[in-house]
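Welcome! Below you will find a handful of exercises, each followed by a worked solution. Please keep the viewer open while you read.

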Amino acid sequence: MKDKNVTVIVGCHWGDEGKGRAAFFESKDASIVVRSTGGNNAGHTIVYKGKKYAMHLIPGGIIRKNVLSIIGPGVVVDTDVLIDEIKMLKEAGINITPDKLAISGRAHLILPYHKDLDRLQEVLKGDAKVGTTGRGIGPAYADKTNRIGIRAYDLLLPEEEIYAKVELAVEVHNRLFKAVSGFEECVVNPKEIVNKLVENAKVLREFIVNTDKIISKALENNDKIVIEGAQAYRLDIDHGDYPMVTSSSPNTSGTLSGIGIGPRYVDKVIGVTKAYCSRVGNGPFFTEEDNEIGDIIRKLGHEYGTTTGRPRRCGWLDCVILKSAKTTMGIDYLCLNHLDTIGKIGNTIGEVKVCIAYEYLNKVITYIPDDIEITLLKPTPIYETIKGGWRVNPKCKSYDDLPIKAKQFIELVEKYSGLPVKYIGFGADNKDTIVR
Ligand code: IMP
Ligand code: MG
């Protein structure tokens, strides 16, 4: 239908699937690229024309000349990080003006005390800690829900009014900081926060707008909008591995809500997955290989966090999760990244595995059991195995150019996920992409 021109890019597992790259690829004929959930817990690396850009907040589309990048109301924004990112992009020769970057005035801000609270909560949780990125994401969303959040619009207020809001926001937090041993020095002086906000407002004020107006106009004009999801299905606060999740709704509907676009405008939803799985932080990961195999995957896939540098937990591709993502996230087709890496893994280990089902409570199932805390049983993955590996020719242009085993792998993924693989990434550069 003519009035559907929104593309949504979401992650199918635990993040780091290469959404930034897929969104960047899709943005080549777009007018607008949007971040609508999460914050600088995300980390996207885009390689374009031989140059590498590492970004946490601004959508990758910013690199393209005629694309407007929007940070939507559902995002939590650390103004220091945003300012650094703007600076980094300017130094890389990218012009950042208000017709290239718009920040919703309704987006909530991450302030230094949110990072302290993030740390405090992890300390109090002890062994039950989530393993957050420590960026203050959860506490910023909690303040938003408690209706004591500071928003981008507040940067535009007179200083006394910002002070009043910050003073109210930190009232309870300060009682907590005083009460928890080791956190006394985190007690917030509202004046310091206000000074920082006033300083940062000087840089950011020109970008803070009512993004609804821009989005409505683009939808009316049938301009293409790409939503660059952050985090992923299993990190979703409602649908993921609670409590080992993030604090936003990175599922497809959540990304739409985070910018304010109704579902009727969606043209396609692309689920992004790697050819294997990785997870940072704690929580279930049924196909994890916490052994030499995992070490080989980590090494060949360079699986270290872009945001925290943490080594990622690694394991085989889980198609049960993909199958479940198909309906929960309303995915039309997959973008499968690291097809080259999984081939190398196969060459090194001697085989490549794909999880096609689980054995759970003596049954073979193809859904994600969410009562494992009750049964105390972890599902055992059931695998299909391809013997050996392959090498993808870096010059390959089409699906037909791929080695037979690589095609076999893709066919397995399609069979057990129920989803067509439309994009295939076989290298870090944007050009290393096959579209089927
Ligand atoms: P938080 O989002 O910092 O609160 O962290 C909650 C959980 O989500 C932790 O397990 C993090 O490692 C994970 N997480 C958050 N953002 C990302 C991401 O962009 N990629 C991978 N994992 C993430
Ligand atoms: Mg990432």
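**Exercise 1. How do the residues of the shell around ligand 1 divide into nonpolar, polar and charged?**

Before the solution, a word on the ground rules. This is a predicted model, in which local features need pLDDT of at least 70 and side-chain atom pairs count only at pLDDT 80 or more, while totals for chains, interfaces and linings use all residues. Residues are numbered from 1 along each chain as its sequence is written, chains are lettered from A and ligands numbered from 1 in the order in which they are written, and side-chain values use heavy atoms, with hydrogens and water left out.

*Step 1.* Sort the residue types: Ala, Val, Leu, Ile, Met, Phe, Trp, Tyr, Cys and Pro count as nonpolar, Asp, Glu, Lys and Arg as charged, and the others, Gly among them, as polar.

*Step 2.* Collect the shell, where a residue is near the ligand if one of its heavy atoms lies within 4 Å of it. There are 15 residues around ligand 1, and the closest are Asp16, Asn41, Thr133, Thr246 and Val280.

*Step 3.* Apply the sorting: the shell holds 6 nonpolar, 7 polar and 2 charged residues.

**Exercise 2. Find N and O atoms of the protein that lie by ligand 1, and state what share of the ligand the protein buries.**

*Step 1.* Look for polar contacts, meaning pairs of N or O atoms within 3.5 Å; within protein, one must be able to donate a hydrogen and the other to accept it, and residues adjacent in sequence count only if both atoms are side-chain atoms.

*Step 2.* Begin with the backbone. Valine 280 has a backbone N or O atom 3.0 Å from an oxygen atom of ligand 1, and tryptophan 14 has one 3.5 Å from a nitrogen atom of the ligand.

*Step 3.* Turn to a side chain: an N or O atom of arginine 310 is 3.1 Å from an oxygen atom of ligand 1.

*Step 4.* Taken alone, ligand 1 exposes 470 Å², of which the protein buries 97%. Such areas come from the Shrake-Rupley method with a 1.4 Å probe; for residues, only the protein chains shown count as cover.

**Exercise 3. Check the length of helix H2 and describe its surroundings.**

*Step 1.* Helices (H or I, at least four residues) and strands (E, at least two) are DSSP runs, numbered from the N terminus. The expected span of a helix is 1.5 Å times one less than its number of residues.

*Step 2.* H2 covers residues 79-91, so its 13 residues should span 18 Å, and the end C-alpha atoms are indeed 18 Å apart.

*Step 3.* Buried means under 20% relative accessible area, exposed over 50%, and partly exposed in between (1.4 Å probe, protein chains only). In H2 the buried residues are Thr79, Val81, Leu82, Ile83, Glu85, Ile86 and Leu89.

*Step 4.* Those buried residues pack against several elements, including strand E4 (51-55), strand E7 (101-104) and helix H6 (190-204).

*Step 5.* Inspect the ends. At the start of H2, a side-chain oxygen of aspartate 78 comes within 3.1 Å of the backbone nitrogen of aspartate 80. Just after the helix, glycine 93 has a positive phi of about 90 degrees.

**Exercise 4. Is aspartate 241 buried or exposed? Which residues does it contact?**

*Step 1.* Aspartate 241 sits in the loop between E10 and H8, and its relative accessible area of 11% makes it buried.

*Step 2.* Contact means heavy atoms within 4.5 Å. Leaving aside neighbours within four places in sequence, aspartate 241 contacts Trp14, Arg234, Arg279 and Pro284.

*Step 3.* The side chains of aspartate 241 and arginine 234 share a polar contact of 2.8 Å.

*Step 4.* Aspartate 370 is 129 residues from aspartate 241 in sequence, yet their C-alpha atoms are 7.9 Å apart.

**Exercise 5. Find examples of backbone geometry that depart from the general pattern.**

*Step 1.* Recall that most residues other than glycine have a negative phi, and most peptide bonds are trans.

*Step 2.* Tyrosine 242 and proline 243 are joined by a cis peptide bond, with omega about 10 degrees.

*Step 3.* Lysine 49 has a positive phi near 50 degrees; this residue is exposed, at 71% relative accessible area.

*Step 4.* Leucine 361 also has a positive phi, about 50 degrees, and counts as partly exposed at 42% relative accessibility.
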